[in-house]
Structure formats: C-alpha cells, structure tokens
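Open the structure in your viewer and keep the selection tool at hand. We will go from stop to stop.

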Amino acid sequence: MPQHPALARAEAFCRTFSLRVPILMAPMAGACPPSLAIAVANAGGLGGCGALLMQPAAIRSWAADVRAGTNGGFQINLWIPDPPPLRDRAAEDALRHFLGGFGPAVAAEAGDAAPPDFEAQCEAMLEAGPAIVSSIMGVFPPAYVARLKERGIKWFANVTTLGEAKAAEAAGADVIVAQGMEAGGHRGAFEADTAETRLVGLFSLLPAVADAVKIPVVASGGIGDGRGVAAALVLGASAVQIGTALLRSPEAGIAGAWADALRRTAPEDTMVTRAFSGRPGRSIATDYVRAAAAPAAPRPAPYPVQRGLTQAMRELGAKQNDIARIQAWAGQSAALARAEPAGDVVSRLWGEAQALLGWFV
C-alpha cells in the first residue's frame, strides 16, 4: 500500500532533524522545565525552552540539565525585542489601582521591570549549542543568523501571517513555524500594534504559507489530538508544535488550579488579552481577564511594563493556587489536553495521526 504523501513529508523532516516523531514541544516561557523537554525528547519529539525570562547562566544550565536526561533534541527560543515602551505614569497609576483589586498593592516602581539583556541571551544560546534555536515576535539580526549558520545551528522562525513567513524565509530561516490564532500563550506577531487585527486561523494560514515558501513548515495552534496532527500534515505541514496539550502532564509542573481549569475550558472560554504582559496572548477567560477587557477598565500598558505591574498579582495567584490571578495561558483546544505523562501524549498523538492517514492512502 502506498504511503500517504503527508507521512512521507513528516518522515523526511524527522530524518533532517534527527527526530523519531514529528511533534515539537512549544517553547513556553515559564512552563518549560527540563523534565518536560526530556520527556518529549525521549518519546522521539523535540523538547523546547522558552528562554524569554532566563538569564544567560540559566539558559546554559537548562541545556545542561536536558542533555543529562536525554540524547534527544531540543530548541531554545527567544523573543525579538520590541522598541523601548512609551511610558505614561498617569495611566500606570490607574492600572496599579485596578490591579490592587485583584492582588496586593502594586509598587510605584513595578512597571520599571525589564527583561534580561537580549544580546547576552543570544550569546548564551550559542554557548549552549542546541541543534535548533527559534524566534518569536520578529527575526534575528543578520549578523546573528550568520553566526548560527557558521555553527550549523538551524533557525525555526515563528510567524502569524503570510507576510511574516515570507520575511522570515528571506531573512534566512530554515523552518517556518506557522502559529494560528487558536494557539495558547503569546501571539508571535512581528508588529505588536496589529496583532489583534490580523488574527488568522491555522487552517487558513498553514496552506497559504506551505504554498508560498520553499522551506519546511511546522503547524502550531489548537492541535490537541491526532486529528489535529493529521489535518495539519495534510494541509502542508512537515511537523506540528504543541503546547497546551502538554500542560496537564505531570512533567509540566504548572499550578493545579490552572491544570484543572484546562480540562473544562471550551474553545469559546479563552480570550486574546494584553492584560498580563502588554503583548497579546490567549488565556483562559478568568474573572481578571474579563474585567480587564471591560470598557471601563484601564488599557494595558505596553510590554514589558504591564508584565511588571501584574507580577505581584501573578505571584500571589501561583502561591495561593488561585485561577483568578494565575497567568493561565490556554489554546482553544485546551479541553483535549489529558493528565498523562508527556511522553505518552507525544506517542498517542502520533499514533492517532498515523492511523488516520493510513486510511487515506
């Protein structure tokens, strides 16, 4: 019996990147402990590290810990920095008052918090020497791309539109990760100001990108079982990237309230919000997220100011295991996530997809 073309394409991707299974762990900043990446890699997929908030030493340590637990591959991901935010102290005072209704009082200097130095993080990624690095919110500078290629490190570029995919390919990306609007967590849009007005679903974005670029495409967003994997491969993907589908796995180690909420979150129970970080991301529609979207609520500050302002609330939520205050990212297929080991998730999704595609040869 002839092999389905989608399976042949996935197998070619696996050979190229030394994988057994064409399933990638989304590099979820704040939810990517080494244990989760190790479990995914040991199941044949690709582990992931969202290094956004990690200092250089932490990046190197994460890579060392993963290598100690697996011979499998992993990617390390960084945000491309936005321009410096425009500050509005009066607006921030209004936000501090609003946030005080959901958590502890917000210090006047909370909005001054800044992420780690991007260039230092980039150097740490080179030192860690992963097979793959990935980007979100834009493309790496040309000089850094050249250094990656000198070392044989492949670059996976996350995009949310067809235009971004073409720009990433032109910039030297080796693989495009097409992120549909269904995806949980932050939107990878290159331009923060237009992220909400250019929301494209995966099943529209994926075939358009696959037809337009000459490099492999990975599908991401709303993939929670083998049906989603099979559909993405048929639409032109060479592999898939999953995030929310892994969050209920014990290796993810997220707050119990968050993990429990995922199982009862319908697609319409998520919202794209700037209320946690200042950058749009898809979250469970908690009381705080809904309140922040109300017409009378103060507008979120830009990233990373908003993230600094909400830090006290988010930390209290995690400490108290309170879903109302937790930064509870979730894709629209959250309810498909199961409380099972991450390796079993990877094996199950790939087995289901193979069975489905085997019926259509």
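Start with a pair of helices. Select L36, A39 and V40 in α2, then add A342, G343 and V346 in α13: these two groups meet. By class, the residues of this contact are 5 nonpolar, 1 polar and no charged. Now show both helices in full. Helix α2 covers residues 34-42 and helix α13 covers residues 342-358. Their axes come within 7 Å and cross at roughly 35°. The crossing of α2 past α13 is right-handed. One caution before you go on: this is a predicted model.

**Stay on α2**

Keep α2 selected and add helix α3, residues 56-69. Which residues of α2 meet α3? Pick P34, A37, I38 and N42 in α2; they meet W62, D65, V66 and G69 in α3. Sorted by class, that contact has 5 nonpolar, 2 polar and 1 charged residues. The axes of α2 and α3 are 9 Å apart, and the helices pack at an angle of about 40°. That angle makes α2 oblique to α3. Here too, α2 passes its partner α3 in a right-handed crossing.

**Zoom out**

Clear the selection and show the whole protein chain. Count 13 helices and 11 strands. Along its principal axes, the C-alpha trace spans about 65 × 45 × 40 Å. How does the radius of gyration fit a compact globule, agreeing or disagreeing? For 361 residues, such a globule would have a value near 21 Å; the chain has 20 Å, so the two agree.

**The sheet of 8 strands**

Colour the strands next. Look for an open sheet of 8 strands with parallel pairing. Follow it across in the order β1-β9-β8-β6-β5-β4-β3-β2. At the edges you find β1 (23-25) and β2 (47-50), each pairing on one side only. Turn the sheet in your viewer and follow its twist, which averages 25° from one strand to the next.

What holds such strands together? Strands of a sheet pair through backbone hydrogen bonds, either parallel or antiparallel.

For a closer look, select strand β8 (residues 217-220) and strand β9 (residues 239-242). They run parallel, and 3 bridges join them. Click V218: its bridge partner in β9 is A239.

**A helix across the sheet**

Now bring in α5. This helix lies across β3 (74-79) and β4 (132-136). Relative to β3, α5 runs at about 170°.

Next, add α6 beside α5. Helix α5 spans residues 118-128, and helix α6 spans residues 142-150. Their axes come within 11 Å and cross at roughly 10°. The two helices are therefore roughly parallel to each other. Which residues meet here? Select C122, E123, M125 and L126 in α5, with Y144, R147 and L148 in α6. This contact divides into 5 nonpolar, no polar and 2 charged residues.

**The sheet of 3 strands**

Move on to another open sheet, formed by 3 strands in the order β7-β11-β10. The pairing in this sheet is antiparallel. Its edge strands are β7 (185-186) and β10 (270-273), each with pairing on one side only. Select β7 and strand β11 (residues 281-284): they pair in the antiparallel sense over 2 bridges. Then click G185 and look across to R282 in β11, which stands opposite.

**Two backbone details**

The last stops are in loops. Keep this rule in mind: most residues other than glycine have a negative phi, and most peptide bonds are trans.

Go to S18, in the loop between α1 (5-16) and β1. Is its phi positive or negative? The phi of S18 is positive, about 55°, although S18 is not a glycine.

Finish at P304, in the loop between α11 (287-293) and α12 (305-320). Show the backbone from Y303 to P304. The peptide bond between them is cis, with omega near 0°.

Definitions and conventions
Residues numbered from 1 in each chain as written. Predicted model: local features only at pLDDT ≥ 70, side-chain atom pairs only at ≥ 80, totals over all residues. Heavy atoms only, no water. Axes fitted to C-alpha atoms, helices over the stretch in contact; angles between N-to-C directions. Helix = DSSP H or I, 4+ residues; strand = E, 2+ residues; numbered from the N terminus. Parallel < 35°, antiparallel > 145°, perpendicular 65-115°, else oblique. Contact = heavy atoms within 4.5 Å. Nonpolar A, V, L, I, M, F, W, Y, C, P; charged D, E, K, R; others polar. Left-handed = near helix turned anticlockwise from the far one by under 90°. Pairing = 2+ DSSP bridges. Rg over C-alpha atoms; globule rule 2.2 N^0.38 Å.
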